[in-house]
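Hi everyone, thanks for coming. Let me put the sequence and the model up, and then we can walk through a few spots together.

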Amino acid sequence: NADIPQPVLDVIARLRELGHAVYLVGGCVRDMVRKVHPKDFDVATSALPEEVQRAFRKVIPTGIQHGTVTVVQGGTHVEVTTFRSEGDYLDGRRPSSVAFERDIVKDLSRRDFTINAMAYNPLDRDLADPFGGQTDLQAQLIRCVGSALERFSEDGLRPMRAVRFAAVLGFALDPDTRDAIPATLAVFRKVALERVREELTKLLLSPRAEGGLLLLAETGLLDVFLPEVARATPEAARLARAAVQAAPTDIEIRVAVLLADLVDRAQARDIGLRLKFPNKVADLVALLVETAKLEERFSDADPALRRLLARVGLPQLPQLLAVARARVQVRAPERLSDLERLCARLEALAAAKPPLVPKDLALTGGDIMATLAVGPSPIVGEATRFLMDSVLDEPALNTAEGLKQRLQAWQSARTGA
Ligand code: ATP
Ligand code: MG
């Protein structure tokens, strides 16, 4: 009980005082049984939402139709949900109805996996485990509560969650649970890709991302939302998975590493948007995919490397280097020292803070117009590109005087021609 925050214990004690059944449920119970510190604590109770609202001074009706309210207690937020059962799932996505229940076992039986279907009352130190969650935690197995075929047919997201928990916990799928995945892919196809992406993100950032990706491929899930990866040759797919495992746990880096050798920049962006990643993330992944193959640049001279920095942008350089390192580590480890030399050169060029974008130029747009004696016109853009190109070749040129001279020479060459 030492793990449980005092405000959570206070909420539980208050509900019990009023005669209601009350338990901690879900992920926090699983984590406490595994002796891992839970990241949040969910409370479930037989009290109806109105009864919970009346029992506390400050309550936010977060999801009151589903029976969830947030109790503000001791400066923290505690989610309290009334015991629930669910009506039939008609569309593979959400139940047609929910009913409030008096009995914790009813509530636990609607949950996805045995390890997530335990409840604990810390006041009585009473663990409710009607589906063998502790045994499965011991055996390191993800097993559906009840019939896997039925549970996956009700809610198409569950197979993805099964594989995600397997990756996050380093567990295996129970055979019946695993076999039910290919059999229910038609339901999985109906799930909103945004929800799939949330689970994929947790899988990719887990300590067993490589195994998780393999399981996604073997069960047929991957082909539904990432056919570009699922249809790669077995060897290309294996290398991509191993590279993901070798990469730092950053979502943009890991998605880029997964895709870099399988798709081009435009496809990478489409994939990011299709999976409903924020635009910023999709754009960055596309940029990292485009520039990932640093091993093709070992003999580039400084001006070409500065152009690469300009393309990537200095803030993204660490991510690019991480993508390149992970790929080379699994694809060509003998080239790692060459890669490190290139990374060091790129970092040194970046540290010199060279002019990389027009606003870094020693001349403003106004200065350029004055020097050329023109007003706003397409010429200004051309001149700016010319100056950018000059300073990327030779950053020392970037002084007001130096650029004015270049500009005048450029103008007379143009008018002379
Ligand atoms: P995490 O540590 O990733 O948050 P969690 O177990 O808390 O793990 P949540 O997605 O937060 O997972 O869900 C909380 C609980 O709600 C789960 O433990 C499970 O009991 C139940 N649950 C969540 N999603 C589903 C679902 N699709 N079908 C059935 N039960 C679910
Ligand atoms: Mg949770």
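In which kind of crossing, right-handed or left-handed, does helix 15 pass helix 17? The crossing is right-handed, meaning that the near helix is turned clockwise from the far one by less than a right angle; anticlockwise would be left-handed. Before going on: this is a predicted model, where local features need pLDDT of at least 70, side-chain atom pairs count only at pLDDT 80 or more, and totals for chains, interfaces and linings use all residues. Residues are numbered from 1 along each chain as its sequence is written, and chains are lettered from A and ligands numbered from 1 in the order in which they are written.

Back to our pair. Helix 15 (residues 251-259) and helix 17 (residues 279-291) pack at about 45°, with axes 9 Å apart. That makes helix 15 oblique to helix 17 (under 35 degrees is roughly parallel, over 145 roughly antiparallel, 65 to 115 roughly perpendicular, the rest oblique). Glu252, Val255, Ala256 and Leu259 of helix 15 meet Val281, Leu284, Val285, Leu288 and Val289 of helix 17, with contact meaning C-beta atoms, placed from the backbone, within 7 Å.

Now a second pair: helix 7 (residues 158-169) packs with helix 10 (residues 193-204) at about 15°, axes 9 Å apart. So helix 7 is roughly parallel to helix 10, and their crossing is left-handed.

Finally, ligand 1. Among the residues surrounding it are Lys39, Arg111, Asp155 and Arg161 (C-beta atom, placed from the backbone, within 6 Å). Domain 1 (6-131) and domain 2 (140-225) both contribute to this shell, so ligand 1 lies between them; the bounds come from an automatic or database domain assignment.

How values were computed: Axes are lines fitted to C-alpha atoms, for helices over the stretch in contact, and angles run from 0 to 180 degrees between N-to-C directions. Helices (H or I, at least four residues) and strands (E, at least two) are DSSP runs, numbered from the N terminus. Two residues are in contact if their C-beta atoms, placed from the backbone, lie within 7 Å.
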